[in-house]
Amino acid sequence: MGTRKTIAITGASAGIGAEIARVCAARGYDLILIARREAPLLALSAELEAGHNIRAHVVTADLGAPDAARILANAVAARGLQVDGLVNNAGFSKTTGFTTTDPAAQQEMIRVMLSVPVELARLWLPAMKQRGWGRIVNVASMAGFLQATGGDTLYGPIKSFMIKFSQGLWVESQGSGVHVSVVCPGYTYTEFHDVNGSREAVSAAYPKWMWLQADRVARDAWDAVEADKPRCIPGKRYQFLSVVSKLLPDSVGLKTAASHARKLKRV
Ligand SMILES: NC(=O)c1ccc[n+]([C@@H]2O[C@H](COP(=O)([O-])OP(=O)(O)OC[C@H]3O[C@@H](n4cnc5c(N)ncnc54)[C@H](OP(=O)(O)O)[C@@H]3O)[C@@H](O)[C@H]2O)c1
């Protein structure tokens, strides 16, 4: 790999982000671990530095705050760190319905999962291209392919945006040494469904075979970006679903999505 590269990972304090950090550390990358909670970031940093010959820097940031991307980039620069790779992973959902969700929480969703990923890519990608090496992983979701559900009204559209945005970056980065991949996991065991309060409902509604392990998602995501594959769907069952969803007429897809939302008592 030559000189050691540094990968910045948002949402590294838990779930898929923490697992991507473990994969990257095992492959010899230095890391910048980013999230709001400092304690799990420090614990992960200590684990990775003890287990691998790497540095794992911790930068706390609330990516839902106004101007979060610029503030984060300044904090990273002030530490003298160069960003060679970016994993836009931080995210959460609100399943409380469009008109009954706090508008501030909706703004936060848009910032954390859409504006900040775009702004961080715009801030750090030009230098990656100039240096002739870079990696960008955007964590979207199967929800970005499927028809929109009620309840978590903004989540699917935000993830669809991330899929298309990533495709555009992939096309523009060809031949530059920068690899771009979007990863679209299905249901994955992390803190995600505890944070949005749907753990009990999703566990009752969806059988175990539908659930992915976060370490597997992380490995598939990183393998995809190293191979410069524009898209990664972990798990054969979800690869199949992504094909079927394209073939379904919208009317059928929407009915299926609505029944999903009812199962989860979101509408
Ligand atoms: N789990 C699934 O079933 C699933 C399926 C498809 C896609 N995804 C996507 O995978 C990504 C990771 O989610 P996960 O499943 O790993 O969930 P998770 O275990 O809840 O982790 C979410 C991460 O995002 C960070 N985060 C949330 N809000 C933040 C904010 N305002 N500022 C900074 N960091 C913030 C959290 O850190 P702090 O709380 O410490 O800030 C945490 O590290 C998300 O983009 C999600 O949409 C998840």
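The exchange below concerns the ligand site and the sheet of a predicted model.

Colleague: Which helices each supply at least two residues of the shell around the ligand?

Modeller: The residues around the ligand number 31, and by class they divide into 15 nonpolar, eleven polar and five charged. Among those that come nearest are Ser13 and Tyr155. The helices that each supply at least two residues of this shell are H1 (15-26), H5 (155-173) and H6 (192-195).

Colleague: How much of the area that the ligand exposes when taken alone does the protein bury?

Modeller: Polar atoms of the protein lie beside the ligand at several points, and a side-chain atom of serine 13 is 2.7 Å from one of the ligand's oxygen atoms. On the backbone, a polar atom of leucine 63 lies 2.9 Å from a ligand nitrogen, while a polar atom of alanine 14 lies 3.5 Å from a ligand oxygen. Taken alone the ligand exposes 880 Å², and of that area the protein buries 96%.

Colleague: Which strands stand at the edges of the sheet, and why is one side of each left without a neighbour?

Modeller: The sheet is open, and its seven strands pair in parallel in the order E3-E2-E1-E4-E5-E6-E9. A strand at an edge has a single partner strand, so one side of it is left without a neighbour in the sheet, and the strands placed in this way are E3 (56-60) and E9 (231-232).

Colleague: What angle does the direction of H1 make with that of E2?

Modeller: Within the sheet, E5 (residues 134-139) and E6 (residues 178-183) pair in the parallel sense over six bridges, and valine 139 has valine 183 of E6 as its bridge partner. Helix H1 packs on this sheet, where H1 touches E1 (6-10), E2 (30-35), E4 (85-88) and E5. The direction of H1 makes with that of E2 an angle of about 170 degrees.

How values were computed. Residues are numbered from 1 along each chain as its sequence is written. This is a predicted model: local features need pLDDT of at least 70, side-chain atom pairs count only at pLDDT 80 or more; totals for chains, interfaces and linings use all residues. Side-chain values use heavy atoms; hydrogens and water are left out. A residue is near a molecule or strand if one of its heavy atoms lies within 4 Å of it. A polar contact is a pair of N or O atoms within 3.5 Å; within protein, one must be able to donate a hydrogen and the other to accept it, and residues adjacent in sequence count only if both atoms are side-chain atoms. Accessible areas come from the Shrake-Rupley method with a 1.4 Å probe; for residues, only the protein chains shown count as cover. Helices (H or I, at least four residues) and strands (E, at least two) are DSSP runs, numbered from the N terminus. Ala, Val, Leu, Ile, Met, Phe, Trp, Tyr, Cys and Pro count as nonpolar, Asp, Glu, Lys and Arg as charged, and the others, Gly among them, as polar. Two strands pair if DSSP finds at least two bridges between them. Contact means heavy atoms within 4.5 Å. Axes are lines fitted to C-alpha atoms, for helices over the stretch in contact, and angles run from 0 to 180 degrees between N-to-C directions.
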